[in-house]
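Work through the exercises below with the model open beside you. Try each task before reading its solution.

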Amino acid sequence: RFAILILSCIPECFDYTIPEKRALLLSHGIALWDVLAACEIRGSADSSIKNAVVNDLNPILSGADIEKIFVNGKTAERFYNKYTLKQTGRQAVCLPSTSPANASMTLEKLIDAWSIIFSDR
């Protein structure tokens, strides 16, 4: 979901293959990483997440010149702030969730909100 929305904000593509999307993200200076490496979840209900295993973001932060960190929705923000913020010491910007459960956000509103990723570029 995360990559698809970012890519929909980039005019060059929509129906690219995974390798093409990866190349496009890199060409726009975007790194993609999940807050959680693993968890137990029922369906796609974020409220059911248990036994979360957090990804270590430090290898990316030490290996690349990352200027900003964005999270996809309030659940990612909550896990980032609870587990990752202490490690990185860097605040994340919370963007509206791209989940279909966030029905109040149209694609146009999501694209507008997520366009902040490309500011100052």
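Rings of Phe, Tyr and Trp (its six-membered ring) pair if their centres lie within 6.5 Å; planes under 30 degrees apart count as stacked, over 60 as edge-to-face and the rest as tilted. The model used here is predicted.

**Exercise 1. Find the aromatic pair.**
How many aromatic pairs are there, and which residues are involved?

*Solution.*
Step 1. Count by the rule: there is one aromatic pair.
Step 2. Name the partners: they are phenylalanine 79 and tyrosine 83.
Step 3. Classify the pair. The centres are 6.1 Å apart, and the planes make an angle of 15°. The cut-off for stacked is under 30 degrees, so this pair is stacked.
Step 4. Locate the rings. Both residues belong to helix α4, which spans residues 74–88. They are four residues apart, about one turn of the helix.

**Exercise 2. Look around the pair.**
Is phenylalanine 79 buried or exposed? What sits over its ring?

*Solution.*
Step 1. Recall the cut-off: buried means under 20% relative accessible area.
Step 2. Phenylalanine 79 has a relative accessible area of 9%, so it is buried.
Step 3. Tyrosine 83 has 32%, so it counts as partly exposed.
Step 4. Over the ring of phenylalanine 79 sits the charged end of arginine 78, 4.8 Å from the ring centre.

**Exercise 3. Follow helix α4 to threonine 84.**
Which residues does threonine 84 contact, leaving aside neighbours within four places in sequence?

*Solution.*
Step 1. Place the residue: threonine 84 is in helix α4.
Step 2. Check its cover. Its relative accessible area is 2%, so threonine 84 is buried.
Step 3. List the contacts: Val35, Val54, Asn55, Leu57 and Phe79.

**Exercise 4. Find the two sides of helix α2.**
Which residues of helix α2 are buried, and which exposed residues lie on the face turned away from them?

*Solution.*
Step 1. Helix α2 covers residues 18–27, and its buried residues are Lys21, Leu24 and Leu25.
Step 2. These residues cover an arc of only 100° around the axis, so they lie on the same side of α2.
Step 3. The face turned away from the buried side carries the exposed residues Pro19, Arg22, Leu26 and Ser27.
Step 4. Move past the helix: α2 is followed by glycine 29, which has a positive phi, near 70°.

**Exercise 5. Describe isoleucine 41.**
Where is isoleucine 41 found, and what does it touch?

*Solution.*
Step 1. Isoleucine 41 is in the loop between β1 (36–40) and β2 (50–54).
Step 2. Its relative accessible area is 36%, so isoleucine 41 is partly exposed.
Step 3. Not counting residues up to four places away in sequence, isoleucine 41 touches Asp46, Ser48 and Ile49.
Step 4. Compare positions with alanine 52. The two residues are 11 residues apart along the chain, and their C-alpha atoms are separated by 9.3 Å.

**Exercise 6. Check the cysteines.**
How many disulfides are there?

*Solution.*
Step 1. Recall the bond: a disulfide is a covalent bond between the sulfur atoms of two cysteines.
Step 2. By the distance rule, the count is zero.
Step 3. Look at exposure. Cysteine 39 is partly exposed at 32% relative accessible area. Cysteine 94 is also partly exposed, at 24% relative accessibility.

**Exercise 7. Step back to the whole protein.**
In what order do the helices and strands run?

*Solution.*
Step 1. Count the elements: five helices and four strands.
Step 2. Read from the N terminus: α-α-β-β-α-β-α-β-α.
Step 3. Add the burial: buried residues make up 35% of the 121 residues.

Definitions and conventions. Residues numbered from 1 in each chain as written. Predicted model: local features only at pLDDT ≥ 70, side-chain atom pairs only at ≥ 80, totals over all residues. Heavy atoms only, no water. Helix = DSSP H or I, 4+ residues; strand = E, 2+ residues; numbered from the N terminus. Buried < 20%, exposed > 50% of the residue type's maximum accessible area, 1.4 Å probe, protein only. Contact = heavy atoms within 4.5 Å. Arc of directions from axis to C-beta. Lys NZ or Arg CZ within 6 Å of the ring centre and 35° of its normal. Disulfide = S-S within 2.5 Å.
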